[in-house]
Amino acid sequence: MLLTNFALLDVAAGALKSGYQCLIEDGMIRRLERGRIDAAGAEVIDLGGRTLMPGLIDCHVHLYRTLLPPAPVMLPSLITALAGQTLRGMLMSGFTTVRDAGGADFGHKKAVELGYFTGPRLFVAGRAISQTGGHGDPRSPADTREPCACVHLTAGIGRLADGVPEVRKAVRDEIRLGADQIKIMAGGGVSSQSDPIDNLQYSDEELAAAVDEARRARTYVMAHVYTAEGIRRCIEAGVRTIEHGNFLDEDTARMMVEAGVYLSPNLVCYRVLAEQAVALGYPVGTEEKAREVLAVGTRGLAIARRAGVKASFGTDMSRTPHLMGDEFLIRAEVLPPADNIRGATLIGAEVVRMEGKIGVVAEGAHADLLVVDGDPLSDISVLTGQGTHMAAILQGGRFVKNTLAA
Ligand code: ZN
Ligand code: ZN
């Protein structure tokens, strides 16, 4: 397939370039050259002068999440059906790769690979690992039952492990079950009931044990944590990506740069929670916590940018894929458009360890591509909505959406 007549969005340069043609073969970008590519037999697709850019990457979603009224606990089959719908929505919103931060497992990944679900390329964490009373413990303060699969754990996105031996075993088990990366809860959370945001969860020894197990399995740890103190503990333990990190300060940002640690912020979810947490079935008190972390979130992102921390794009979304692009609008308050787009392309690709293969239009990369009406560098809102401004979406060189002729 030969793509012609487009403006190429060079994400690294932060510029549009004209006069290129792009040859796709076996799902990959085989040639990308200025001028005419001679490819006899190729199907020629005229993109009508639109923008050609890499598919977007979201480094923090939850496909498999149960909190939804009226039932606090739902059947796994029903949740999986919902996940299938969410996956389709994500892809149709331009996200060709997503990293799950707890809940989705190897089965979800396989379902996409085998074509049972239409959706983005997936990097799954299995269940997030939490201490008792931590962010992954779904019990309310009034619940005195022991955590068990029948009552609690099918409802949550996590699993409980306390002490170094249990943490090691939990990491090993998630790796056995096919996790691409390991998720741990290293501090308090917005949607859980027994742990204020500034709680520090897991001991230094437990954090280090999780990292050690992940590293020996050739993978890494992503850690849920909000405060600067919590982030510093994670860096020292060898965590690779900091999830949320809203209360990041200057000193901690410098530490992140030195250690090569990524920030994985996600802000749009707090706006949704601040407005409608209780209506969505979250515990009372969630709205107030969400407002608190949203208020400082863009400040943390600005501090990260000034210090040179690599920050990926993320939304923490579960069932509202059409709102994922709104994250760009919130970030636009502190990020220039090119940086905003790099988070969802180049840096996202680094986070999932697929540099040069995704998040870029280049020879040798997968043909995960968006054909956009308009210029995202001058109007980032063309990346919002459920592909509203995307005339075509390609995944592995195949059109999953094509309205070019319309
Ligand atoms: Zn989290
Ligand atoms: Zn999350």
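About 2000 Å² of area is buried between domain 1 and domain 2, and carbon and sulfur atoms give 67% of it. Three residues, V11, I380 and Q386, supply 26% of the area that domain 1 buries against domain 2, more than any other three residues. The model behind these values is a predicted one. As for where the two parts sit in the chain, the domain assignment puts residues 2-54 together with 359-402 in domain 1, while domain 2 runs over 56-351. The contact between them draws on 27 residues from domain 1 and 26 residues from domain 2. From one C-alpha centre to the other, domain 1 and domain 2 lie 30 Å apart.

Now for what the domain 1 side of this contact is made of. Sorted by class, the side of domain 1 that touches domain 2 has 16 nonpolar, nine polar and two charged residues. Three elements give two or more residues to that side: β7 (51-54), β18 (390-395) and β19 (398-402). Of these, β18 gives the most, with four residues.

Polar links cross the boundary too. Five residue pairs are in polar contact between domain 1 and domain 2, with both residues of each pair at pLDDT 80 or more. The count of salt bridges between the two domains is one. Side chains of opposite charge can pair when their charged atoms come close. In the case of D368 and R121, which form a salt bridge, the closest N and O atoms are 2.9 Å apart.

Looking at the structure as a whole, it holds 29 salt bridges. Another of these joins the side chains of R159 and D173, at 3.0 Å from N to O. R159 belongs to strand β12 (residues 158-160) and D173 to helix α4 (residues 164-176), so this pair ties together parts that are 14 residues apart in sequence.

Then there are the metals. The zinc ion (ligand 1) has two protein donors, H224 through ND1 and H244 through NE2, and these lie 2.0 to 2.1 Å from the ion. H224 sits in strand β14 (residues 221-227) and H244 in strand β15 (residues 241-247), so the pair ties together parts that are 20 residues apart in sequence.

The zinc ion (ligand 2) is held by H60 (NE2), H62 (NE2) and D316 (OD), at 2.0 to 2.2 Å. Along the chain, the donors of this zinc ion (ligand 2) follow the spacing H-x1-H-x253-D. H60 is found in strand β8 (residues 56-61), whereas D316 is in the loop between α9 (286-307) and α10 (326-331), so the pair ties together parts that are 256 residues apart in sequence. And how far apart are the zinc ion (ligand 1) and the zinc ion (ligand 2)? The two ions are 3.5 Å apart.

Technical notes: Residues numbered from 1 in each chain as written. Chains lettered and ligands numbered in written order. Predicted model: local features only at pLDDT ≥ 70, side-chain atom pairs only at ≥ 80, totals over all residues. Heavy atoms only, no water. Domains from an automatic or database assignment. Contact = heavy atoms within 4.5 Å. Buried area = accessible area lost by both parts, 1.4 Å probe. Salt bridge = Lys/Arg side-chain N within 4 Å of Asp/Glu carboxyl O. Polar contact = N/O pair within 3.5 Å; in protein donor to acceptor, adjacent residues only side chain to side chain. Nonpolar A, V, L, I, M, F, W, Y, C, P; charged D, E, K, R; others polar. Donors = N, O, S within 2.8 Å, 3.2 Å for Na, K, Ca; no water.
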